[in-house]
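Here are some friendly notes to read with the model open beside you. Take the points one at a time, and find each residue as you go.

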Amino acid sequence: MGKHSREKRDIYYRKAKEVGFRARSAYKLLQIDEEFHIFENVQRVVDLCAAPGSWSQVLSSKLYVPNRHKPAAEQPTLVAVDLQEMTPIPGVHTMVGDITSQKTANTIVQQFFSGEKADLVICDGAPDVTGLHDIDTFMQSQLILSALDITCAILRPEGTFVAKIFRGKDTTHLYAQCRALFTQVDIVKPLSSRSSSIESFIVCRGFTFLPSAQRRVDNASITASASSEAVSDYDYLPKRKAVTSSAQNADMGQLLEYQRDPSTLLIRALETFGIGPDEGYDVSLLGDDEIRVIQEEQRMLDGIVRG
């Protein structure tokens, strides 16, 4: 039976068509809100990797439509970001932008939010799947890390972050990273998510990022280094390409490098945690949490290499 035949028998596919949602994934966000009430007291929201726009449609129906007759200053500000243009959605500002770009973060905060930060950041993006489970989960994790990068720049303290993940060997690793930035982290699978799908969603609440502490999400590692001076909210954003085919090739190169010489993982991780040549790559400087992060990444890479 073909894909389209399966879709037509899917209750959420039919419901989405009936009400005008662009994709059945709209119901996943609605069900997440039913459980976690992520839309309560929310005025500023960013939808990352938003195309085709079903999650932005949910934002419009839940936040904009009930408030559309209020004065402009009391209406919510909703921003949808994607590398490709989107068909307009009532009450949603759409912008073409790269979520790994500092310019995109600046535009969201300064142009759309007038210097304020978002209450909620959501991301239903996913890379093109290869059908190889370990590679697909690895690439999805890299996309989530990019989303976390920009979220650290645009989300207010105590804000909420919701994103799609692919459950796999590195799920625990990703959970630990989010737990370092949020006080409460849950992984859920809405009823509208097909049971055969490896997708789940991570719901992170209580954002704890402080401007006086520079934290960087970089290639599956988090750096938390205290600074005596307050740093710009955007200084820590890695200058990294978007998750495209060229970036995927770079990640495959990293896997091949690890396969040839496993010590490259430790060296790269030490440098990420700020322990480089000047510190003599001294492993004793690593904390327990940092050691666990490295161990999780090693297990993930070992699993991919073994295939």
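1. Let us begin with two helices. Helix H5 (residues 102–112) and H6 cross each other, and the crossing is right-handed. Their axes come within 10 Å and make an angle of roughly 35 degrees. Which residues meet where H5 and H6 touch? On the H5 side they are Thr-104, Ala-105, Ile-108 and Val-109, and on the H6 side Ile-150, Ala-153 and Ile-154.

2. Now for the overall picture. Please keep in mind that this is a predicted model. The protein chain has ten helices and nine strands. Of its 307 residues, 51% count as buried. Look too at how the chain folds back on itself: among contacts between residues at least 6 apart in sequence, 67% join residues at least 24 apart.

3. Next, the nonpolar interior. The largest nonpolar core contains 36 residues, and Val-46, Leu-48, Ile-108, Ile-154 and Phe-182 are the ones with the most contacts inside it. Helix H6 (residues 133–154) is the top contributor to this core, giving nine residues. There is also a second, separate core, made of 30 residues, with Ile-32, Ala-50, Trp-55 and Leu-78 among them.

4. Leu-48 is a good residue to click on. Setting aside neighbours within four places in sequence, Leu-48 is in contact with several residues, including Val-81, Ile-99, Val-121 and Ile-122. Ala-147, Ile-150 and Thr-151 are also among its contacts, as is Asp-124.

5. That brings us to Asp-124 itself, which sits in the loop between strand S4 (118–123) and H6. Is Asp-124 buried or exposed? It counts as buried, because its relative accessibility is 16% and the cut-off for buried is under 20%. Not counting residues up to four places away in sequence, Asp-124 touches Ser-25, Leu-48, Trp-55, Lys-164 and Phe-201.

6. Turn now to the aromatic rings. How many aromatic pairs does a search of the whole structure find? The search finds five. One pair is Tyr-12 with Tyr-27, which is tilted, with 5.6 Å from centre to centre and 50 degrees between the planes. Tyr-12 belongs to helix H2 (residues 11–19) and Tyr-27 to helix H3 (residues 26–36), so this pair links parts of the chain 15 residues apart. Both tyrosines, Tyr-12 and Tyr-27, are buried.7. A further ring pair joins two strands. The ring centres of Phe-182 and Phe-207 are 5.2 Å apart and their planes are at 40 degrees, so this pair is tilted as well. Because Phe-182 lies in strand S6 and Phe-207 in strand S7, the pair ties together parts that are 25 residues apart in sequence. Phe-182 and Phe-207 are both buried. Elsewhere, ring pairs link Tyr-12, Phe-21 and Tyr-27 into a cluster.

8. Between those two strands there is a loop to visit. Ser-193 lies in the loop between strand S6 (182–188) and strand S7 (199–207). Ser-193 counts as buried, because its relative accessibility is 6%. Its side chain makes a polar contact with the side chain of Lys-189, at 2.9 Å. Leaving aside neighbours within four places in sequence, Ser-193 is in contact with Lys-28 and Glu-199.

9. Two residues share the loop between H3 and S1. His-37 is found there, and so is Glu-40, with S1 covering 44–48. His-37 is partly exposed, with a relative accessible area of 44%, while Glu-40 is exposed, at 53%. His-37 has a positive phi of about 55 degrees, although it is not a glycine. Glu-40 and Asp-119 are 79 residues apart in sequence, and their C-alpha atoms are 9.8 Å apart in space.

10. Finally, look at the backbone of the loop between S1 and H4. Cys-49 lies in this loop and has a positive phi of about 50 degrees, although it is not a glycine. Pro-52 is also found between S1 and helix H4 (54–64). What is the peptide bond from Ala-51 to Pro-52 like, cis or trans? That bond is cis, with omega near 5 degrees.

Notes:
Residues are numbered from 1 along each chain as its sequence is written. This is a predicted model: local features need pLDDT of at least 70, side-chain atom pairs count only at pLDDT 80 or more; totals for chains, interfaces and linings use all residues. Side-chain values use heavy atoms; hydrogens and water are left out. Helices (H or I, at least four residues) and strands (E, at least two) are DSSP runs, numbered from the N terminus. Buried means under 20% relative accessible area, exposed over 50%, partly exposed in between (1.4 Å probe, protein chains only). A polar contact is a pair of N or O atoms within 3.5 Å; within protein, one must be able to donate a hydrogen and the other to accept it, and residues adjacent in sequence count only if both atoms are side-chain atoms. Contact means heavy atoms within 4.5 Å. A nonpolar core is a set of buried Ala, Val, Leu, Ile, Met, Phe, Trp, Tyr and Cys residues joined through side-chain atoms within 4.5 Å. Rings of Phe, Tyr and Trp (its six-membered ring) pair if their centres lie within 6.5 Å; planes under 30 degrees apart count as stacked, over 60 as edge-to-face and the rest as tilted. Axes are lines fitted to C-alpha atoms, for helices over the stretch in contact, and angles run from 0 to 180 degrees between N-to-C directions. A crossing is left-handed if the near helix is turned anticlockwise from the far one by less than a right angle, and right-handed if clockwise.
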